[in-house]
Amino acid sequence: MPGFERFGDLERKELQDVLDNGVLMRYGFDGMRNGHWKAKALESELKTALQCDYVQLVSNGTSAVSVALASAGVGAGDEVIMPTFTFVASFEAILLLGAIPVLVDIDDTLGLDSKAVEAAITSKTKAVMVVQMCGSMANMNALSQVCEKHNLLLVEDACQAIGGRYNDKPLGSIGDLGCFSFDFVKTVTCGEGGAVITNNEEYYTNADHFSDHGHDHVGNDRGAETHPFLGYNFRISELHAAVGLAQIRRLSEFLEVQKINYTILRDALSQIPEVTFRTVPDGGQESYSFLNFFLPNLETARKTIESFKESGVDVCWNYYDNNWHYVRKWNHLKDAKSLFPLSKEIKEALGILSEKTFTQSDHYIGRNISCLIKLSWTEEEVKERAIKMVEAIRSSI
Ligand SMILES: *Cc1c(COP(=O)(O)O)cnc(C)c1O
């Protein structure tokens, strides 16, 4: 990842089709299209790639999460359990609906800890949102069991893990609803785009209407369509979908390159006894979009990041000190810095969050280094990088 590293003629051709017929919108204008329905075609390709019954494209991954939750009826005052390690999009998508984000610890998978989830369940809990960070996954069996036992919805954010699998199912297809992002830095990119996937027909119909102003999409006269319920505009454009269509057809090519590059780096780092790797649950197969490893402690992790910088090893992060991905630096959330008034329940919940510590998450995130696996590296470049990484780590521990 990211898919833009390999842009070429395939993307150009799909995009040119849209420009040639001039229909930039995914719905309507049947006569002008000359048979080009890029969003529909991308939904169909995603159905096959993700082995699911229904796909609804939306404008981005953050809106995919909001649309998924709304489609299953999650809203004002409902609690949604989410991990401390994710992207800010997770709580944004929950707050947008007036629902309450409840943050809980991760474990050595770098995903939600099922025991922490169970301990956080209250009478207001409606859903558990698992985030498959950095190309791998949480222990999905354990989480599915907790959700089943407590009758909770399981929503899977697989924005960073397209192509990963668990018990031979694509990540994103395991929960009741799955969410994907095709933003500019994801493995498959549209520029901006996202998708909600599900095997539940009702959730799908809700997502289809909700993401287009509540339009029922019956017949071919948009002006005459009815609105069974309120919706918003989370549509994708044909221009974006066209790029995504070319990219999704290249997913197996991208995954193959990611795996080769990941394996070279992992084999090299395995020679250092102090380095351990993130746990991938039994039955899990990573998408290889990132290589994640642990060092003995926060101090050695920070030192390693510094040595990486000095030796020109880029795209590696220790998320403990990161503003985007870890709860420690989310002060705007903890301080409820909203442009508009938030509900009393949300403010109370954020007040509780601001007082909370997450020792178990700190333990894993503090020691973790996460390295992006690029698609544009040559084999020689990856091998050189591996040597530099080993040297930098050895000098820091
Ligand atoms: C990228 C990302 C999102 C949000 O996607 P956008 O398309 O950028 O809105 C959500 N969750 C995770 C884990 C992501 O990495």
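Into which domains is the chain divided? In this predicted model, the division is into domain 1, covering residues 3–250, and domain 2, covering residues 252–396. Colour the two separately before beginning the tour.

**Stop 1: the two domains and their interface**

With both domains displayed, place a centroid on the C-alpha atoms of each; the centres of domain 1 and domain 2 lie 24 Å apart. The contact draws on 44 residues of domain 1 and 44 residues of domain 2. Between them, domain 1 and domain 2 bury about 3900 Å², and carbon and sulfur atoms account for 60% of that area. Now select Glu5, Arg6 and Arg250: these residues provide 16% of the area that domain 1 buries against domain 2, more than any other three residues.

Keep Arg250 selected and add Glu253. Their side chains form a salt bridge, with N and O 2.9 Å apart. Between domain 1 and domain 2 there are 2 salt bridges, and 23 residue pairs are in polar contact across the interface, both residues having pLDDT 80 or more. On the side of domain 1 that touches domain 2, helix H4, strand S3 and strand S6 (165–166) each contribute at least two residues. Strand S3 contributes the most to this side, namely 3 residues. Sorted by class, the domain 1 side of the contact comprises 19 nonpolar, 15 polar and 10 charged residues.

**Stop 2: helix H4**

Select residues 89–96, which form helix H4. Ala89, Ser90, Phe91, Ala93 and Ile94 are buried in this helix. To see what covers these buried residues, display helix H3 (61–71) together with strands S2 (79–83), S3 (100–104), S4 (125–131) and S5 (153–157), and add helix H11 (331–334); the covering elements include each of these. Then step just past the end of H4 to Gly98, whose phi is positive, at about 80°.

**Stop 3: Asp78**

Move to the loop between H3 and S2, where Asp78 is located. Is Asp78 buried or exposed? Its relative accessible area is 14%, so Asp78 counts as buried. Display the backbone of Gly75 as well: the Asp78 side chain reaches the Gly75 backbone nitrogen at 2.9 Å. Beyond four places in sequence, the residues that Asp78 touches are Gly73, Ala99, Ile100, Lys124 and Lys126.

**Stop 4: salt bridges**

The count of salt bridges comes to 23. Begin with Glu45 and Arg249, whose closest N and O atoms are 3.0 Å apart in a salt bridge. This pair joins distant parts of the chain, 204 residues apart: Glu45 belongs to helix H2 (residues 38–49), and Arg249 to the loop between helix H8 (238–248) and helix H9 (251–269). Glu45 is partly exposed at 26% relative accessibility, and Arg249 is also partly exposed, at 46%. Extend the selection to Lys13, Glu14, Asp17 and Lys38, which are linked with Glu45 and Arg249 in a network of salt bridges.

Next, select Asp183 and Lys186. Their side chains meet in a salt bridge with an N to O distance of 3.2 Å. Asp183 has a relative accessible area of 18% and is therefore buried; Lys186, with 9%, is buried as well.

A further pair to select is Arg222 and Asp212, which form a salt bridge at 2.8 Å, N to O. Arg222 and Asp212 are 10 residues apart, and each is placed in the loop between helix H7 (201–210) and H8. Arg222 is partly exposed, with 22% relative accessibility, whereas Asp212 is buried at 0%.

**Stop 5: Ile397**

Finish in the segment after helix H14 (379–394), where Ile397 is found. Ile397 has a relative accessible area of 37% and so counts as partly exposed. Which residues does Ile397 contact, leaving aside its neighbours within four places in sequence? Select Ile272, Glu274, Leu295, Pro296 and Thr300 to display these contacts. For Thr300, draw the C-alpha to C-alpha distance to Ile397: the two residues are 5.6 Å apart in space, although 97 residues apart in sequence.

Notes. Residues numbered from 1 in each chain as written. Predicted model: local features only at pLDDT ≥ 70, side-chain atom pairs only at ≥ 80, totals over all residues. Heavy atoms only, no water. Buried < 20%, exposed > 50% of the residue type's maximum accessible area, 1.4 Å probe, protein only. Helix = DSSP H or I, 4+ residues; strand = E, 2+ residues; numbered from the N terminus. Contact = heavy atoms within 4.5 Å. Domains from an automatic or database assignment. Buried area = accessible area lost by both parts, 1.4 Å probe. Salt bridge = Lys/Arg side-chain N within 4 Å of Asp/Glu carboxyl O. Polar contact = N/O pair within 3.5 Å; in protein donor to acceptor, adjacent residues only side chain to side chain. Nonpolar A, V, L, I, M, F, W, Y, C, P; charged D, E, K, R; others polar.
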